[in-house]
Amino acid sequence: MFNFFSLVTDQLISEVVTDNSLFLEKLSKYLDRESRVIQCWKHLAYVLSVPTEERNRFDAYTEHSPTEDLFNYLSDIWNPDLTVKELKEKLKLIHRNDVIADIEKGS
């Protein structure tokens with residue numbers, strides 16, 4: 001199987017994630033769920049230094065998943081230069097190796 005994401009680690013999140021609705025949906029399934037044990041989109045937003053008022057807005061907005069809102073905010077406003085490599089580093093900080101593995105598989 002062709003490993004698309006191994007080739008794009010230096011590409012911007014806006015090019016790889018937010019422009020790929022299927023992949024963004026899959027990330028949402030991983031990161032939307034809240035649990036006492038597994039860290040979710042809120043923790044990712046925190047390690048990406050997204051302001052609290054913005055994080056609260058994603059949580060209250062129900063039309064899209066908070067993960068989708070987070071990635072759209074990152075790519076459009078907060079950190080448009082965020083790369084896949086940097087995203088993987090931040091996911092490591094919140095111990096989401098399952099998401100990193102999926103990114104590396106190109107699923």
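A residue counts as buried when its relative accessible area is under 20%. The exercises below apply this cut-off to a predicted model.

**Exercise 1.** Determine which residues of helix α4 (residues 52-60) are buried, and why they lie on the same side of α4.

*Solution.* Step one is to apply the cut-off: within α4, the buried residues are E54, R55 and F58. Step two considers their directions: they cover an arc of only 100 degrees around the axis, which puts them on the same side of α4. A general rule helps here: an α-helix has 3.6 residues a turn, so residues three or four places apart point the same way. Step three identifies the partners: the buried residues of α4 pack against α3 and α5.

**Exercise 2.** Describe the largest nonpolar core and state which element contributes its largest share.

*Solution.* The core holds 27 residues, and those touching the most other members are V17, L44, V50, L70, F71 and L91. Two or more residues each come from α1 (13-18), α2 (21-31), α3 (41-47), α5 (66-78), α6 (84-93) and α7 (97-105). The largest share, 5 residues, is given by α2. For V17, setting aside residues up to four places away in sequence, the residues touched are F23, L24, L27 and F71.

**Exercise 3.** Characterise the chain as a whole by its elements, burial and contacts.

*Solution.* First, the chain contains 7 helices and 0 strands. Second, 41% of its 107 residues count as buried. Third, among contacts with a separation of 6 or more, 64% join residues 24 or more positions apart. Finally, the chain exposes about 6,300 Å², of which carbon and sulfur atoms supply 50%.

Notes
Residues are numbered from 1 along each chain as its sequence is written. This is a predicted model: local features need pLDDT of at least 70, side-chain atom pairs count only at pLDDT 80 or more; totals for chains, interfaces and linings use all residues. Side-chain values use heavy atoms; hydrogens and water are left out. Helices (H or I, at least four residues) and strands (E, at least two) are DSSP runs, numbered from the N terminus. Buried means under 20% relative accessible area, exposed over 50%, partly exposed in between (1.4 Å probe, protein chains only). Contact means heavy atoms within 4.5 Å. Accessible areas come from the Shrake-Rupley method with a 1.4 Å probe; for residues, only the protein chains shown count as cover. A nonpolar core is a set of buried Ala, Val, Leu, Ile, Met, Phe, Trp, Tyr and Cys residues joined through side-chain atoms within 4.5 Å. The arc is that of the directions from the helix axis to the C-beta atoms.
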